Amino acid sequence: MAAGPAPHGGHRRAQRPHLSKMERMVVSMQDPDQGVKMRSQRLLVTVIPHAVTGNDVMEWLIQKYCITEEEALHLGTLLVRHGYLYPLRDPCHLELRLDETPYRFQVRLNWEQTPYFWMSTLWPAAELDYAIYLAKKNIRKRGGLVDHEKEHYDQLHRKISHTWDLVVMQAREQLRAAKQRRKGDRLVIACQEQTYWLVNRPPPGVPSVLEQGPQRGSCTAGRVQMLTGPFQTKTVDFYRREVECLRKALGRTRVKSSVCLEAYLKFSSQRGPHDPIMSGCLPSNPWVTDNDTYWAMNAPSAAVPTRLRVEQWAFSFRELLEDPVGRAHFMDFLRKEFSAENLSFWEACEELRHGGQAQVPALVDAVYQQFLAPGAARWVNIDSRTMERTLVGLGRPHRHVLDDAQLHIYMLMKKDSYPRFLKSDLYKDLLAEAVVPPETKRRVFPFMRKPRHSSPSPALLPASASGEPSGGDGEA
Amino acid sequence: MTKEECKALLDALNKATACYHHLVLTIGGSADSQNLREELQKTRQKAQELAVAIRARLTAPLRDRGLGAEERAEFERLWVAFSGCLDLLEADMRRALTLSTEFPLHAPRRPLVRTGVEGGAASVAARALSARSLRHEAERGFDVEDLHQLEREILQVGEMIQDMEMKVNVPRWTVQARQAAGAELLASASAGVSSLRGVAVEQRTGPCDLSKALAATIFSAVLLAAVALAVCVAKLS
């Protein structure tokens with residue numbers, strides 16, 4: 001078969017691993033002692049040896065790999081779809097289907113595909129070969145090609161019309177060469193070729209098993225680049241890259257899995273009751289009942305927080321600061337303790353970090369004047385080393401110049417004020433006042449739900465919104 | 001005439017390539033044997049001889065700048081067919097090499113795939129060599145040496161192709177093939193007729209005429225019978 005796009009240098013593409021595995025499996029099926037039971041098949045007057053029934057194949061798979069029947073059926077189907085086993089009974093059957101029901105599986109007899117037709121990925125099926133095959137089929141069936149084959153034929157004729165002489169010559173000669181064999185062999189070889197082309201040029205509607213998704217293609221391409229196959233020379237550069245790669249791998253911080261898993265378990269147990277999917281949400285799931293009270297009550301700026309929300313503030317300091325309501329209450333608490341400037345400073349630093357680039361110098365200056373200068377109105381207590389570093393950095397202000405100071409204050413609040421807050425009366429009152437929404441009453445007849453109306457499209461004018469039909473009724 | 005000779009040689013090469021393809025199909029299968037490997041070797045050696053001969057004959061006219069346009073077009077057509085054939089041969093040889101290494105004949109556990117093909121292919125090889133029959137004369141360790149030989153031959157063919165590309169410049173897209181789409185359906189049944197010589201179209205009207213004639217006879221017979229009956233009825237009444 002023509003090499004087609006493969007270069008003359010003898011470069012081999014990597015065979016995809018699942019195909020190699022299938023090939024190994026098929027070879028082990030051939031084992032005279034432990035392989036699949038073979039029998040002869042009689043087709044009119046010719047007798048063809050080495051036939052296997054689908055049932056035999058399945059039994060062998062189950063026995064050899066200790067798998068369930070379902071899995072064996074799936075494996076068998078894969079083998080047929082990739083063309084390693086082919087049926088001889090329906091040579092005009094265009095679709096390569098392995099019938100699912102056990103009864104028909106039994107009746108269908110299969111043969112192993114010749115190894116020539118296995119190497120589809122190492123040498124991809126070329127256009128010239130397909131053209132020759134179609135021409136042969138044309139001759140044999142006297143113009144009786146199927147629709148999609150006719151289309152392919154015309155397409156190929158347009159593409160490679162300059163070699164059409166060769167196509168016709170080769171097709172005729174190959175058929176004549178085949179006639180020299182006995183009839184059974186001729187039949188078998190014709191069927192093998194037909195299977196090969198069914199796999200490589202599947203008819204429309206049949207998914208191609210040789211397709212690779214775009215991600216997988218690039219992944220294997222990358223791997224083949226890096227792979228030290230026998231074809232890649234190991235230069236100095238290669239070794240240098242390897243050493244660099246391994247050095248980086250050594251330097252990575254690694255957490256022991258016991259520590260990691262403990263933390264994970266703690267997280268899950270702590271958060272379990274708070275998760276709306278795991279523990280349900282009160283009053284009700286808006287997606288199910290169309291009642292959006294849940295969202296209204298948990299809005300970022302809700303006046304009265306729910307109990308679950310208040311409890312979440314006790315999990316970590318970060319939770320408290322991230323929730324606007326929590327932060328506001330924390331600020332109240334700090335005011336009582338006369339250390340509100342810490343939080344203000346922290347907020348100002350956040351603004352600096354996430355604000356616009358143009359405001360950075362002005363903001364840095366303002367922050368310095370307000371919080372850091374000696375004798376400032378709201379002076380924050382930072383240790384001397386951090387203060388020195390910050391003052392040095394203030395000469396060239398950028399958005400991360402106050403990071404050290406911010407972190408210092410953050411840790412201070414976390415270690416000092418935060419535990420006190422959690423133990424304070426303020427927090428306890430909040431917990432007591434927090435609202436627990438009642439669950440919506442379950443209806444006695446659960447299938448009689450409120451009929452759901454699709455909300456009118458915002459693109460429509462309000463006048464015509466009333467004319468919208470109430471589509472999307474809830475299922476009974 | 002060189003052109004006729006070239007065409008004849010090309011046909012022979014085409015035949016040899018087709019037979020080689022057919023033989024390579026069965027490597028590693030149940031019909032694989034020492035004989036098959038020997039047949040493969042003989043076929044490909046014949047193909048290579050033919051290739052060398054054709055190349056010698058075709059290169060000279062194509063490098064001759066004084067050739068007429070018609071003649072040149074003809075030779076270019078032959079050239080395109082020849083290089084395509086050679087590509088097919090080389091690819092088949094590579095596959096034969098891979099398959100032969102993967103399915104060695106004399107390994108302790110023969111991993112040959114039971115494909116359902118049983119008979120020998122001696123007649124196929126004989127056809128390729130244009131001989132009546134083939135004698136198998138190889139010794140036991142034949143297939144291992146053959147592999148080395150095959151590797152060398154693949155390299156040789158590769159070099160030949162490269163050389164051809166360098167020496168002769170035939171832009172393939174300008175070549176118009178003589179055969180149109182569907183030309184293979186108009187073949188004459190006799191073997192060995194070259195398709196490049198413009199095969200006469202055989203009219204397959206014989207069977208149609210027969211059936212039509214039969215239908216006509218029956219119809220007329222029925223008509224006559226009806227007429228006779230009517231006459232009898234008329235006479236009686």
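Let me start with Val227(B), which is partly exposed at a relative accessible area of 48%, where partly exposed lies between buried, under 20% relative accessible area, and exposed, over 50%, with a 1.4 Å probe and protein chains only. This is a predicted model, in which local features need pLDDT of at least 70 and side-chain atom pairs count only at pLDDT 80 or more, whereas totals for chains, interfaces and linings use all residues. Side-chain values use heavy atoms, with hydrogens and water left out, residues are numbered from 1 along each chain as its sequence is written, and chains are lettered from A and ligands numbered from 1 in the order in which they are written.

Val227(B) sits in helix H6 (residues 206-236) of chain B, helices being DSSP runs of H or I with at least four residues, and strands E runs of at least two, numbered from the N terminus. UniProt, in an unreviewed entry, places a "transmembrane region" at residues 213-234 of chain B, an annotation that may be inferred rather than shown by experiment. Over residues 213-234 of chain B the chain is 100% helix and 0% strand, and the end C-alpha atoms lie 31 Å apart.

Turning to the interior, the largest nonpolar core, meaning buried Ala, Val, Leu, Ile, Met, Phe, Trp, Tyr and Cys residues joined through side-chain atoms within 4.5 Å, has 96 residues, of which Trp164(A), Phe82(B) and Leu86(B) touch the most other members. Helix H3 (residues 69-102) of chain B gives the most to this core, with 14 residues.

Finally, chain A has 23 helices and four strands, and 39% of its 476 residues count as buried.
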